[in-house]
Amino acid sequence: MSGGISRLLARSAFGDEITLTAAERERMAASLDVFDRARLTTDVYGATRGFGPLVGYAADADPGAQGLGLIRHLAAGQGEPLSPSVTRTMVWLRLRGMAAGHSAVDPGLWQRLADQWNAGFTPVVPREGSLSASGDLVPLAHAALAATGGAESQAAWTRPWEPGGGGPTEPAAVLRGLGVPGVVWDARGALAFVNGSSACLAVALHNHRELAASVRLAAAATGRLAALLGADPDPYHEGLSRVRNQPGQLVAAALIRDELAPGHVRGPDRPLQERYSLRCAPQVLGAVLDQLRFQEEVLLAEAGGCTDNPVTVDGAVRHGGNFHAAPVALASESHAGCLHQVALLMERQLALVLDPRANGGLAPLLAAAPGRDSGLAGVQIAASAQLSRIRQLGYPASMTTIPTNLENQDHVPLALNGATAVSDMLARLRAITGGLLLALTEAGRRLGAHPSGLWAKLADASPAFRHDRPTAAEVLALAELGLAAAER
């Protein structure tokens, strides 16, 4: 579901280091040699010719001026910054892609960037402004400009690997504090750095890991709800899933069964056929797991490829469109659809456990004293609003394409827009998840269930409802506890 992505993200996390092998350094030098020889006799994009629709004009004779001009004009992003961990993954992906030996990047330039990354240097990168068509030009340009440490550079985080690390400041000061120099860009290195899908891909990789954990947590919550209510275990039977022939359903049903005690049977007051939010949970969560397995394959392939233009292949310079992030765009749009399924399932299960017609005789809304108290009414209202917002955010970004750049970029995937929308959807899903976990914790307490494992931790973090109380912070705290357990 996310094992390969989790391992990749661990390699790009704070505290790890990136190095070149001798073979990689040799391939990079050979690629640069092919590129340098080609530019002497033929036109090469971004080296002898201008950028984008200005390819018909000659490039600056000074490669340094050409490269700096590229990242200057692209530093036009707006909005909230990407998180430091996502930005670190983004830069790591660029470094790994260049190390593949197709981007004609000077190994010395690569090493200066790697020294910054290894020291923990993390630019502040705005998340708005990328078409993800000629790569994530705008966010990567902000990172490239910060790496120079020059007067025009934007901002960098101060010690972001520390809990509560400092906020944005001048990159030059951060570089001095870390003891690493700024980067001096040339035209080829600058273009290779910004001409890739690494921003949208980094966001999508982090989203994928959290979404996979959310599915596991949703399965655990389903099992806990079925156990508390004495629901029929048949919907989760291995044989039922086996004859359906969907591998994800087999996994989801097994995760749900893990929460049922051996010998669990349907209670005398439970219906033979529960509401779909209980009965069809293996089918819903299983379908999501199958989609995530496919999207993991797509995202890891993208992470292992060269998303650049031009590239050197088999001793020649080839111009094309490897920077077009359609694979990431479609993966994020699948994430959005999958996330909505999980959110809808959990919101409906929250409704079930609060409904006295279905919750085994518990008080309506789990109010301590109905009438005097309103219980979790506010939690459910907020969860319904969050689900509505998830639906608004889930519109496919690639269906909003706008031709631009003098019609040069006339088909764009907007993959970063799609990935950041999923990030926003995940924040809403956390609120729904926390609301369900709060309800299950209180219901378990009312029914006299003895919690263990995750449910014991949640019970310790959520005292019994004797009177109504504010729940906003509590809901998010329970969600964080649950996701942390599910990510292990």
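User: Before we start, what counts as a helix here, and which one gives the most to the lining of the largest cavity?

Analyst: Helices are DSSP runs of H or I with at least four residues, numbered from the N terminus. H5 gives the most to that lining, with three residues. This is a predicted model, where local features need pLDDT of at least 70 and side-chain atom pairs count only at pLDDT 80 or more. Residues are numbered from 1 along each chain.

User: What makes the lining of the largest cavity eight nonpolar and one polar?

Analyst: Ala, Val, Leu, Ile, Met, Phe, Trp, Tyr, Cys and Pro count as nonpolar, Asp, Glu, Lys and Arg as charged, and the others as polar. The lining includes Val91, Leu113, Trp117 and Phe193, along with Gln116. Gln is in neither the nonpolar nor the charged list, so Gln116 counts as polar.

User: Why is the pair of Phe14 and Trp161 called tilted?

Analyst: Rings of Phe, Tyr and Trp (its six-membered ring) pair if their centres lie within 6.5 Å; planes under 30 degrees apart are stacked, over 60 edge-to-face, the rest tilted. Phe14 and Trp161 are 6.2 Å centre to centre with 45 degrees between the planes, so the pair is tilted.

User: How do you know that Trp161 is partly exposed?

Analyst: Buried means under 20% relative accessible area, exposed over 50%, and partly exposed in between (1.4 Å probe, protein chains only). Trp161 has 31%, so Trp161 is partly exposed.

User: Why does Arg88 count as sitting over the ring of Trp117?

Analyst: The rule asks for NZ of Lys or CZ of Arg within 6 Å of the ring centre and within 35 degrees of the ring normal. The charged end of Arg88 is 3.4 Å from the centre of the Trp117 ring, so the distance part is met.

Methods:
Heavy atoms only, no water. 1 Å grid on protein atoms, 1.4 Å probe; cavity = no way out; pocket = protein on both sides within 12 Å on 5 of 7 lines; lining within 4 Å. Helix = DSSP H or I, 4+ residues; strand = E, 2+ residues; numbered from the N terminus.
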